Amino acid sequence: DNNAAQRAAQLRALITRYNREYYELDEPSIPDAEYDRLFRELQQLEAEHPQLLSSESPTQKVGSKPLTSFRQVQHETPMLSLDNAFSEDEFSTFVERIKDRLDSSSEIAFCCEPKLDGAAVSLLYEHGVLVRGATRGDGQTGEDITANVRTIRNLALQLEGDYPDRLEVRGEVFMPVKAFERYNEQALARGEKVFANPRNAAAGSLRQLDSSITAQRPLHFYAYGMGVVSTGTTLADSHYERLQQLQSWGLPVSDEVKRVADGGSCHGYYQDILSRRDALRYEIDGVVIKVDSIPLQNDLGFVSRAPRWAIAWKFPAQEEITT
Ligand SMILES: NC(=O)n1nc(-c2ccco2)nc1N
């Protein structure tokens, strides 16, 4: 409505002025906490009134003054950690336990995914616009990294197709191996900090208070699930088909995701991905095997913070190549 538009225009002008002061003078005219408050007020206004969102807004521009702390985000449904299997036997036990609990003698379909070794994030889209990004944090409370997730190279800022009014996407932010090696070479040449591995590089880049630094980092994202979705949206009752729905709305999903008819076929998937591990563009530390049926997932539920319906089947640690 009109006074929201007026307030947004006023905030854009103020923040633009403070950005210029920050980059040109070294004594900004307002305290950091005041700048943070104004910046977040504008972010909130734009989230509530997407028609106010313009690519010219300082919330969209990378060159905004860094925040001094992250705001907290309460995840509406917890972001889960995964139980691990380290051997074929442990994986088979996982499958048997599921069959026992579901008291089902019939075969159970599984969705098999590479286990990306990056940083888990939650992305919130409202009316198809990316309005918030958050880290996993402790599963319940994460950090608001909205300005940073906007800089992810392959991420849609605007959804397409018949997306829900409100959609939370969960997935992994990662730095592709080649980009990681290139980044480290340049950082070394500049005498700057190098990262030990792509996972640290992704997590460290996402938790920058200055999003213009994040924007210089080659980050990618693959979706692997949904969080809250507005009611009235027709979602498939298969996890694999939900990932296809996310793709149809413009969100990136790994092309290594496969659906298999039974637990026995997961072994073949594990061996196939393990055999091609070094040829993948991104680092993985195993595969994630999920019961494909959403109703069965709901029947199985979670144990404290890990789902009973999914397991991370880890690869042996790669022997470190000492350079
Ligand atoms: N790291 C990763 O690639 N993950 N993590 C999950 C996950 C975590 C909790 C539920 O699903 N799925 C995939 N592909």
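I'll walk you through the ligand shell and the enclosed cavities of this predicted model.

Quick housekeeping: residues are numbered from 1 along each chain as its sequence is written, and side-chain values use heavy atoms, with hydrogens and water left out. As it's a predicted model, local features need pLDDT of at least 70 and side-chain atom pairs count only at pLDDT 80 or more, while totals for chains, interfaces and linings use all residues.

Okay, the ligand. Around it, meaning with a heavy atom within 4 Å, sit Leu80, Leu82, Glu113, Pro114, Lys115, Leu116, Glu172, Tyr224, Val288 and Lys290. Now the polar contacts, which are N or O pairs within 3.5 Å. A polar side-chain atom of Glu113 is 2.8 Å from a ligand nitrogen, and a polar backbone atom of Leu116 is 2.7 Å from a ligand oxygen. Glu172 has a side-chain N or O atom 3.4 Å from a ligand nitrogen. The protein covers 91% of the 340 Å² of accessible area that the ligand has on its own (Shrake-Rupley, 1.4 Å probe). Strand E3 (a DSSP run of E, at least two residues) gives the largest share of the shell, 4 residues.

On to cavities: sets of points on a 1 Å grid over the protein atoms alone, where a 1.4 Å probe fits but can't get out. There are 2 of 30 Å³ or more. The largest has a volume of about 140 Å³. Its lining, residues with an atom within 4 Å of a point, numbers 17, with Phe39, Gln43, Leu67, Ala147 and Leu209 nearest the centre. The second largest, about 30 Å³, is lined by Tyr18, Glu21, Pro28, Ser29, Ile30, Tyr35 and Lys65.

Definitions and conventions
Polar contact = N/O pair within 3.5 Å; in protein donor to acceptor, adjacent residues only side chain to side chain. 1 Å grid on protein atoms, 1.4 Å probe; cavity = no way out; pocket = protein on both sides within 12 Å on 5 of 7 lines; lining within 4 Å. Points joined across faces, edges and corners; volume = space filled by probe spheres on them.
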